[in-house]
Amino acid sequence: MLSQITPCLWFDGQADEAAKFYTSFFKDGKITRTQYYGEAGKETHGKEPGSILTVEFELNGQNFVAMNGGPQFKFNEAISFQIECEDQEELNHYWQKLSDGGDPAKQQCGWLGDKYGVSWQVVPKVLGGMLSDPDTAKSQRVFTALMGMKKLDIAALKTAYEG
């Protein structure tokens with residue numbers, strides 16, 4: 001069952017481009033619907049009738065909406081999307097695709113900003129268990145290793161975990 005919560009991402013004219021970008025490399029990524037601006041409300045929205053209002057899409061079973069709202073709002077790191085990866089190959093795949101064209105200064109501890117300014121966390125599934133281990137020596141070693149990384153290295157995290 002898909003979630004009843006659908007993130008709506010506000011873009012300034014790149015909604016269609018962004019939806020096509022994300023669906024091109026996410027498993028089962030697909031565009032499900034496109035809606036267009038009409039004459040109604042033009043005095044408020046100022047958009048050309050027939051231009052794209054929203055693009056609904058799905059990534060790994062999660063629904064999203066990309067909206068061409070205008071230049072009023074920008075993405076920031078206060079909200080991010082977390083991708084839990086099974087292995088280093090999957091982690092590398094998402095990291096490479098999402099970081100291409102993004103701001104390298106925003107890469108830290110598995111976080112990155114993509115070329116649209118959307119923040120992502122590309123992390124291994126095993127990380128949560130490592131960081132919440134009741135053996136604090138293990139969890140602290142992992143946290144210390146994590147803090148020194150940009151793209152996460154699962155083998156290095158496991159080495160730190162095992163001591």
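**Fold and core of the predicted chain**

Six helices and seven strands make up the secondary structure of the chain in this predicted model. Followed along the sequence, these elements come in the order β-α-β-α-β-β-β-α-β-β-α-α-α, so to speak a strand at the start and a run of three helices at the end. Laid out along its principal axes, the C-alpha trace covers about 65 × 35 × 25 Å.

How do the parts of the chain touch one another, and what share of those contacts links residues 24 or more positions apart? Among contacts with a separation of 6 or more, 60% are between residues at least that far apart in the sequence. As for burial, 38% of the 163 residues count as buried.

Now for the inside. The largest nonpolar core holds 38 residues, and Tyr22, Leu98, Trp120 and Val122 have the most contacts within it. Helix H1, spanning residues 15-23, gives this core its largest share, with five residues. Trp120 is worth a look on its own. Setting aside neighbours within four places in sequence, Trp120 is in contact with Tyr22 and Leu98, two of the residues just named for their contacts in the core. The other partners of Trp120 are Phe26, Leu59, Ser80, Phe81, Ile83, Gly110, Trp111, Leu112 and Asp114.

Then the outside. About 9,200 Å² of the chain is exposed, and 52% of that area comes from carbon and sulfur atoms. On the charge side, there are 22 negative side chains and 16 positive ones. The centres of these two sets lie 1 Å apart.

Methods:
Residues numbered from 1 in each chain as written. Predicted model: local features only at pLDDT ≥ 70, side-chain atom pairs only at ≥ 80, totals over all residues. Heavy atoms only, no water. Core = buried A, V, L, I, M, F, W, Y, C linked by side-chain atoms within 4.5 Å. Buried < 20%, exposed > 50% of the residue type's maximum accessible area, 1.4 Å probe, protein only. Helix = DSSP H or I, 4+ residues; strand = E, 2+ residues; numbered from the N terminus. Contact = heavy atoms within 4.5 Å. Areas by Shrake-Rupley, 256 points an atom, 1.4 Å probe, with all protein chains shown as cover. Lys, Arg positive; Asp, Glu negative; His and termini not counted. Charge placed at Lys NZ, Arg CZ, Asp CG, Glu CD.
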